[in-house]
Amino acid sequence: MNDALQIYTSALRFMAPEITLVVGILFAAVFNLFAPRQRSVTPIVSVILLVISTAFLLQQFSLPDRQLLFPPGLFTIDRLTVAFGLIINAIGIIVCFMTMGYEHKFGNNRGEFYAILLTAILAVQLLAGTTDLIMLFVGLETLTICCVLLSGFAKRDRKSNEASLKYLLSTAATTATFLYGLSFLYGLTGSTNYYEIAPKVSIVSQSPSLVMILLLILLLSVVGFKLSMVPFHMWAPDVYEGAPTPVTAFLAAGSKLGGFAVAIRLLTLVFGSAVSDWGPVLGALAILSMVMGNLIALAQTSLKRMLAYSSIAHVGYLLIGLVANTSEGLSAMIFYLVVYTFMNLGAFCALILIENETGTDNIEEMSGLIRKRPIVTIALAICLLNLAGLPVPPAGFLAKVFIFWAGFQMYNTLGYWLVGAALVTSVPAVYYYTRVVIMMV
């Protein structure tokens, strides 16, 4: 009994970042009930607790080896867990600050917003470290429900209600598909733990069967929906446009981060031996996402819808690192994800300021914005040019160079096709991003 208690006490010590977020969720939910007029306190406390959670995560960088927590190995702490935790906490802090300038559209439900937001951040942290199918399903559904609630948080806005409903209906089918796929995986291996499933999948993958093919199709379709890859992208533009702008920023950055956490853990750890089966399929979806996302973004007049379609294209670029299935590919993917995340958040921060002044996100209405808001214009221009991959400054350019080089180092036909498609589709991306900049100046 004492040994078991010591094991759980040690595990809880490692779970300090997540426990800190639980404290923030309870505070945001309860404080709003007893002090509804002190609304400015909740976002400040949320930011403070996110900073504390980040400090705990930074301490875990010094851990020498992978830490498997709880007896069945439900949760794993390694560099990937810490990196994704730091990124999602940074996203949460920025979204909290963004929301402070947007609260007037939320009515009297501001406290609940931060409780739901912190719950979504907690779900992403759990997804980054989970190595068990049950915890994976719980974390993914927690994130999904939070995103549905956040999308419809502006209750008096018809577009926000429509966005929430579309997200809910789309994700309902995805949940059923995901659970069906997990049941196949459990039936095939007899375990829910990733480290126990992986060797059995390795044996099964040596002689491809109909069950294995169906399993990969089911799981890839769910990953495709969460990442809004083509052809699973239909929900993204309408939800991005209808949701409140801070929520759109979180969906474009935080929600996708959770999707990539699921994809990396499942495909590299569980199905790493079957890369010859899922690699070409994921590569084809990446090319489709790059082509469709960039071409449709060309015709958009709404900046939010343009960023929605461009995010679909960026997912295609990011998948090059995952298809490469090498340490260099994953490193390039995470670096690209960091640059994409913060440039996207910067663009949405500028968009909030523009919306508060003009009341619209129409690109044509931004004409001559540099004369009215020069600092906002310069900040938005830097973010958009980085997303385009131009070296102004060089972060976005270097991110694309690293991810393209990771694809080229595959030294096979698939890698060359991926890099070629990425280079060609980068041309329309440069056009529609610079079109906004030209319109503003």
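Here is a selection-by-selection walk through the model above.

Before clicking, note that this is a predicted model, in which local features need pLDDT of at least 70, side-chain atom pairs count only at pLDDT 80 or more, and totals for chains, interfaces and linings use all residues. Residues are numbered from 1 along each chain as its sequence is written, and side-chain values use heavy atoms, with hydrogens and water left out.

**Stop 1: the core**

Select Phe250 and Phe271. They have the most contacts inside the largest nonpolar core, a set of 147 residues. (A nonpolar core here is a set of buried Ala, Val, Leu, Ile, Met, Phe, Trp, Tyr and Cys residues joined through side-chain atoms within 4.5 Å; buried means under 20% relative accessible area, exposed over 50%, and partly exposed in between, with a 1.4 Å probe and protein chains only.) Now colour helix α11, residues 245-270, which gives the most to this core, with 15 residues. (Helices are DSSP runs of H or I with at least four residues, strands are E runs of at least two, and both are numbered from the N terminus.)

Show what surrounds Phe250: leaving out residues up to four places away in sequence, Phe250 touches Ile88, Ile91, Val95, Leu117, Ala120, Ile121, Leu143, Cys147, Leu150 and Ser255. (Contact means heavy atoms within 4.5 Å.)

**Stop 2: two buried residues**

Go to Leu140 in helix α6, residues 133-151. Leu140 has a relative accessible area of 3%, so it counts as buried. With residues up to four places away in sequence not counted, its contacts are Leu127, Phe178, Val222, Lys226 and Val262. If you want a ruler on screen, draw one to Ser62: the two C-alpha atoms are separated by 28 Å, with these positions 78 residues apart along the chain.

Next, pick Thr42 in helix α3, residues 41-60. Its relative accessibility is 2%, so Thr42 is buried. Under that sequence cut of four places, Thr42 touches Phe27, Ala28, Phe31, Gly111 and Tyr114.

**Stop 3: a greasy surface patch**

Stay with α3 and select Ile44, Ile48, Ile52, Phe56, Phe97 and Met100, which form a nonpolar patch on the surface with about 520 Å² of accessible area together. (Patches take residues with over 30% relative accessible area and no salt bridge; like charges are joined within 9 Å, and nonpolar side chains, namely Val, Leu, Ile, Met, Phe, Trp and Tyr, within 5 Å.) Which helix gives the most to the patch? That's α3, with four residues. Met100 sits in helix α4, and a relative accessible area of 35% makes Met100 partly exposed.

**Stop 4: the α9-α10 loop**

Jump to the loop between α9 (210-226) and α10 (236-242), where you'll find Pro231. The peptide bond from Val230 to Pro231 is cis, with omega near 10 degrees. In this loop, also click Ser228: its phi is positive, near 55 degrees, though it isn't a glycine. Ser228 is buried, at 0% relative accessible area.

**Stop 5: the rings**

The structure holds twelve aromatic pairs. (Rings of Phe, Tyr and Trp, the last by its six-membered ring, pair if their centres lie within 6.5 Å; planes under 30 degrees apart are stacked, over 60 edge-to-face, the rest tilted.) Select Phe225 and Trp235, a tilted pair at 5.3 Å centre to centre and 40 degrees between the planes. Both are buried. Add Tyr240, which pairs edge-to-face with Trp235 at 6.4 Å centre to centre and 65 degrees between the planes. Bring in Tyr167 to finish, since ring pairs link Tyr167, Phe225, Trp235 and Tyr240 into a cluster.

Methods
Areas by Shrake-Rupley, 256 points an atom, 1.4 Å probe, with all protein chains shown as cover. Salt bridge = Lys/Arg side-chain N within 4 Å of Asp/Glu carboxyl O.
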